[in-house]
Protein chains: 2
Amino acid sequence: MSNTQALPLLESDAPEAVAPCCPPLTERPFTAEEAETAARMFKALGDPVRLRLFSAVASHEGGEACVCDISDVGVSQPTVSHHLKKLKEAGLLTSERRGTWVYYRVEPSVLTAMGKLLTSGMSVAGSP
Amino acid sequence: MSNTQALPLLESDAPEAVAPCCPPLTERPFTAEEAETAARMFKALGDPVRLRLFSAVASHEGGEACVCDISDVGVSQPTVSHHLKKLKEAGLLTSERRGTWVYYRVEPSVLTAMGKLLTSGMSVAGSP
DNA sequence: CACCTGCTTCGACACCCGTCAACATAGACA
DNA sequence: TGTCTATGTTGACGGGTGTCGAAGCAGGTG
């Protein structure tokens with residue numbers, strides 16, 4: 001069944017502290033473990049269909065969207081469901097059923113974590 | 001450790017020379033074309049070995065590293081070469097042969113573009 | 001209650017991808 | 001020149017992945 005234990009990279013006990021997933025890419029060579037964790041996220045976004053779905057949810061009003069509203073990405077609906085499941089398993093989305101429709105919502109902390117992973121000290125090189 | 005402000009990553013070029021990849025993920029639903037472009041990058045980083053190689057190059061002193069210095073990632077050397085080629089094809093790395101050794105170097109603009117792609121205005125959802 | 005709609009799961013297919021051993025190439029050095 | 005080291009390329013294998021049609025659930029509506 002659908003359990004989907006997600007969030008491989010977030011410690012849910014500290015909602016305020018953003019995912020201590022990994023250091024910035026440019027700071028230190030990743031260890032095997034860090035690479036495995038981070039690659040899982042990148043891999044989830046490494047498909048055009050998933051990227052469109054994720055972007056559609058992330059940019060949707062209120063930060064959430066029902067499947068019926070984002071499933072126009074050029075593939076069949078089972079495939080859409082499959083990709084949404086993948087995104088959920090990667091910890092990037094969460095789903096909730098409300099009545100007839102299922103709503104997906106982005107996990108903001110993960111987005112922040114990935115952003116920090118890439119925005120290394122480059123743009124903020126102000127630390128002597 | 002040290003130092004390093006060595007990251008000549010961004011300071012040397014105009015901010016406008018950055019790859020015109022895509023808008024932030026949370027700004028607008030990606031078009032098929034944008035998704036294809038961005039997914040290519042994410043996919044390139046969606047492998048643990050490639051992520052370690054990329055991180056090793058990006059964090060190496062001077063922003064570049066020779067293969068002999070980063071090929072300790074647990075796979076055979078042909079595989080390392082294969083992954084480096086993939087990263088090069090994705091536009092994330094550039095290579096240059098100097099004498100006996102081949103040096104790889106990160107493409108700073110791409111890193112910046114990916115960072116901006118994720119560092120959306122996360123003040124987005126959840127405002128009601 | 002029956003039916004209908006929205007979404008997920010199942011089974012199957014083709015294709016892509018990561019991996020390695022073996023071979024090929026480029027430059028250095030004697 | 002020949003040989004040795006450092007990388008890249010080729011070919012092949014096994015497993016993973018995206019895709020679809022059909023079937024299965026869940027919930028609303030008549």
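How far is a phosphate oxygen of DNA strand C from an N or O atom in the side chain of S81(A)? I looked this up in a predicted model, in which local features need pLDDT of at least 70, side-chain atom pairs count only at pLDDT 80 or more, and totals for chains, interfaces and linings use all residues. Side-chain values use heavy atoms, without hydrogens and water, residues are numbered from 1 along each chain as its sequence is written, and chains are lettered from A and ligands numbered from 1 in the order in which they are written.

**Entry: phosphate contacts.** For S81(A) I read 2.7 Å, and for an N or O atom in the side chain of Y104(A) I again noted 2.7 Å to a phosphate oxygen of strand C. At C68(A) a polar backbone atom lies 3.2 Å from a phosphate oxygen of this strand.

**Entry: surroundings of strand C.** I found 24 residues around DNA strand C (a heavy atom within 4 Å), and S81(A), Y104(A), R50(B), S76(B) and H83(B) are the closest. Of the strand's atoms within 4 Å of the protein, 80% belong to sugar or phosphate and the rest to bases. I noted that α4(B) gives the most to this surface, with 5 residues.

**Entry: helix packing.** I then turned to α2 of chain A (residues 48–59) and α1 of chain B (residues 32–44), which pack at an angle of about 110° with their axes 8 Å apart. That makes α2(A) roughly perpendicular to α1(B) (the term covers 65 to 115 degrees). On the α2(A) side I listed P48(A), L51(A) and R52(A) as making the contact (heavy atoms within 4.5 Å), and on α1(B) the residues include A35(B), E36(B) and F42(B).

Methods:
Axes fitted to C-alpha atoms, helices over the stretch in contact; angles between N-to-C directions. Helix = DSSP H or I, 4+ residues; strand = E, 2+ residues; numbered from the N terminus. Parallel < 35°, antiparallel > 145°, perpendicular 65-115°, else oblique. Polar contact = N/O pair within 3.5 Å; in protein donor to acceptor, adjacent residues only side chain to side chain.
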